[in-house]
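Visitor: I have a model open and would like to learn how to read it. Could you walk me through it, one feature at a time?

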Amino acid sequence: GGFAGHGLSRVVLSDSYDTQTSKIFSNLSLNERCLSASLVCKYWRDLCLDFQFWKQLDLSSRQQVTDELLERIASRSQNITEINISDCRNVTDTGVCMLASKCHGLLKYTAYRCKQLSDTSLSAVASQCPQLQKVHVGNQDRLTDEGLKQLGSECRELKDIHFGQCYKISDEGMTIIAKGCLKLRRIYMQENKLVSIFCYNLKLKLSIHFFAALAPTCTRIYKLH
């Protein structure tokens, strides 16, 4: 009886340790998991590679990130709240759509300089992740008003957007954002020439049509670039 009792105690202790350690690892950055903690021992390595506990993923500038990797991550970890795929040139709309279809709790989506992505991926993120609060997709040449329309109609919690150097965005898309995203607080629109009617002191000025839609709706805005 005593031996069995000790065995049970060891199992309970092991399960508790595993749970607590996993919670700690879930708060580590990707580099901290892969380059530090995972090197301590095999047990820690296995925990670090368990996608179930990954919530915030910074995959930026990693060319080994592909659609297949995003699909694996999405299938194993559906509690991701933030992902950054900036400068990941081997990720396409297909991979982002797969991620969005699994990770409905996404709060922040960042994809700077992903020139290969289009409205398809942004629309998928908007329609599948309605709790989005931050969308930073600056310098995407293929992004147009169509992607913004989906954001404006689906993402009511949106507070922070970055569309700098997305040259095909116009007043039409931004007006829909203004009317649909009433909690919007920060807008970054550097060099978006189709959303401006004039420049003054080299600072971008949004058109009067956009401000007309913005003024009565997004009353919480405190920063406009």
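**Reading the contacts, the core and the loops**

Guide: Let's start with Phe163, which touches Val135, Val137, Gly138, Leu143, Leu148, Leu151, Ile169, Met174, Tyr188, Met189 and Asn192, leaving aside residues up to four places away in sequence. A contact here means heavy atoms within 4.5 Å. Keep in mind that this is a predicted model, where local features need pLDDT of at least 70 and side-chain atom pairs count only at pLDDT 80 or more, while totals for chains, interfaces and linings use all residues. Residues are numbered from 1 along each chain as its sequence is written, and side-chain values use heavy atoms, with hydrogens and water left out.

Visitor: Which residues have the most contacts inside the largest nonpolar core?

Guide: First the general idea: in soluble globular proteins, nonpolar side chains tend to be buried together. A nonpolar core is a set of buried Ala, Val, Leu, Ile, Met, Phe, Trp, Tyr and Cys residues joined through side-chain atoms within 4.5 Å. Buried means under 20% relative accessible area, exposed means over 50%, and partly exposed is in between (1.4 Å probe, protein chains only). In this model the largest such core has 44 residues, and Ile83, Ile85, Tyr109, Leu132, Val135, Leu151 and Phe163 have the most contacts inside it. Helices α4 (67-76), α5, α6, α7 and α8 (171-180) each supply at least two residues of this core, and α6 gives the most, with 4 residues.

Visitor: Why is α6 described as largely enclosed?

Guide: Helices (H or I, at least four residues) and strands (E, at least two) are DSSP runs, numbered from the N terminus. Helix α6 covers residues 119-128, and 7 of its 10 residues are buried, so the rest of the structure largely encloses it. The buried ones are Asp119, Ser121, Leu122, Ser123, Ala124, Val125 and Ala126. They pack against α5 (93-102), β3 (108-110), β4 (134-136) and α7 (145-154).

Visitor: And which residues of α5 are buried?

Guide: Asp93, Gly95, Val96, Leu99 and Ala100. They sit on the same side of α5, because they cover an arc of only 165 degrees around the axis (taken from the directions from the helix axis to the C-beta atoms). Their cover includes α4, β2 (82-84), β3 and α6.

Visitor: What about single residues: is Ile177 buried or exposed?

Guide: Buried, with a relative accessible area of 0%. Ile177 lies in helix α8 and touches Leu148, Leu151, Gly152, Ile161 and Leu184, again not counting residues up to four places away in sequence. For a strand example, take His162 in β5 (residues 160-162), which counts as buried at 13% relative accessibility.

Visitor: Which phi sign do Ser61 and Gln165 have?

Guide: Positive: Ser61 has a phi of about 65 degrees although it is not a glycine, and Gln165 also has a phi of about 65 degrees without being a glycine. Ser61 is in the loop between β1 (56-58) and α4, whereas Gln165 is in the loop between β5 and α8. Ser61 is partly exposed at 47% relative accessible area, and Gln165 is partly exposed at 25%.

Visitor: What is the mean pLDDT of the chain?

Guide: pLDDT is the predictor's confidence in each residue, from 0 to 100. The chain has a mean of 78, with 71% of its residues at 70 or more. Over residues 1-14 the pLDDT is below 50, and that stretch has 0 contacts in the model beyond near neighbours in sequence. Residues 197-214 are also below 50, but that stretch has 33 such contacts. Where pLDDT is low, the predicted coordinates should not be read in detail.
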